[in-house]
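The following exercises concern one protein structure. Please study its sequence and model before reading the solutions.

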Amino acid sequence: MRLRTLTLAAASGAALLAAGVLPANASGNPAPASAREGSVSAADLLAKVTSCSQISNGKYKTDDETSATVPVCGKNGAVFWKADMDIDCDGQRTTNCNENRDPWYQDDTAFHQSDGKPLKAESLPYVVVPSSSSIWNYSGAGIKGGGVVAVIYNNKVEYAVVGDTGPTKIIGEASYATAKALGIDPDPATGGADTGVTYILFKNSKVSPIESHSAAVSLGDQLAKQFLANN
């Protein structure tokens with residue numbers, strides 16, 4: 001069993017109604033039961049992140065009990081890291097994300113739906129970024145709530161959004177829905193992946209509304225193609 005660390009979801013009043021950078025045809029695709037999503041393969045994306053140009057001032061732990069070994073790396077148009085996946089079940093209470101299923105459950109997320117409510121970890125693929133600190137300030141790197149993330153595991157690609165913030169010294173966490181789509185055990189208490197997860201966050205991107213997974217897939221596929229072309 002892996003120890004899931006406590007997610008420190010900072011309540012954010014920032015509205016996510018900024019002008020979208022979303023293509024007009026970005027709606028209508030239901031979330032697939034399993035990824036691959038979009039037209040860009042996991043292999044093609046991974047080929048662009050084989051080496052790290054470190055942009056963080058230090059490195060992160062993957063769990064409280066581990067040493068700090070994970071840097072945030074920079075590429076043209078994106079940042080990335082390679083870590084584990086702890087399961088975040090925070091946000092709106094659902095069948096599998098609540099106090100009874102998750103010992104660390106919190107009823108809020110750092111970023112909210114367009115109606116002001118917290119996100120739904122059980123149904124929305126989202127990624128947790130470390131809260132800003134002397135190690136790294138995600139917002140200063142062009143990463144924002146609702147930004148698109150390509151999450152890669154076991155030759156699968158799942159597009160998610162930046163949906164929550166976590167501890168300042170720990171990295172490698174995503175929502176229940178993200179894990180389930182990638183074939184990772186999504187149980188918030190005992191699930192997750194110990195290693196082998198790559199997170200590619202596209203700079204200055206924003207899905208609107210943040211809760212639309214089909215919008216994240218459409219925009220993510222577009223940005224992934226640009227990422228391949230520019231790196």
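The exercises below treat the fold, a helix, the nonpolar core and one loop residue in turn.

This is a predicted model, in which local features need pLDDT of at least 70 and side-chain atom pairs count only at pLDDT 80 or more, while totals for chains, interfaces and linings use all residues. Residues are numbered from 1 along each chain as its sequence is written, and side-chain values use heavy atoms, with hydrogens and water left out.

**Exercise 1.** Determine how many helices and strands the protein chain has, and in what order they run.

*Solution.* Step one: helices (H or I, at least four residues) and strands (E, at least two) are DSSP runs, numbered from the N terminus. Step two: the protein chain has three helices and seven strands. Step three: from the N terminus on, the order is α-β-β-β-β-β-β-α-β-α.

**Exercise 2.** Compare the span of helix H3 (residues 213-230) with its expected value, and state what its buried residues pack against.

*Solution.* Step one: the expected span is 1.5 Å times one less than the number of residues. Step two: H3 has 18 residues and should therefore span 26 Å; its end C-alpha atoms are 25 Å apart, which agrees. Step three: buried means under 20% relative accessible area, exposed over 50%, and partly exposed in between (1.4 Å probe, protein chains only). The buried residues of H3 include Val 217, Leu 223 and Phe 227. Step four: with contact meaning heavy atoms within 4.5 Å, the buried residues of H3 pack against elements including helix H1 (42-46), strand E2 (78-88) and strand E7 (193-202).

**Exercise 3.** Identify which residues touch the most other members of the largest nonpolar core.

*Solution.* Step one: a nonpolar core is a set of buried Ala, Val, Leu, Ile, Met, Phe, Trp, Tyr and Cys residues joined through side-chain atoms within 4.5 Å. Step two: the largest such core holds 62 residues, of which Trp 81, Met 85, Trp 136, Tyr 199, Ile 200 and Phe 202 touch the most other members. Step three: H1, E2, E3, E4, E5, helix H2 (176-181), E7 and H3 each supply at least two residues of this core. Step four: leaving aside residues up to four places away in sequence, Ile 200 touches, among others, Leu 45, Phe 80, Val 149 and Phe 227.

**Exercise 4.** Decide whether Glu 211 is buried, exposed or partly exposed, and locate its contacts.

*Solution.* Step one: Glu 211 is found in the loop between E7 and H3. Step two: its relative accessibility is 28%, so Glu 211 counts as partly exposed. Step three: Glu 211 touches Gln 113, Ser 114 and Leu 124, not counting residues up to four places away in sequence. Step four: Glu 211 and Ser 114 are 97 residues apart along the chain, yet their C-alpha atoms are separated by 7.5 Å.
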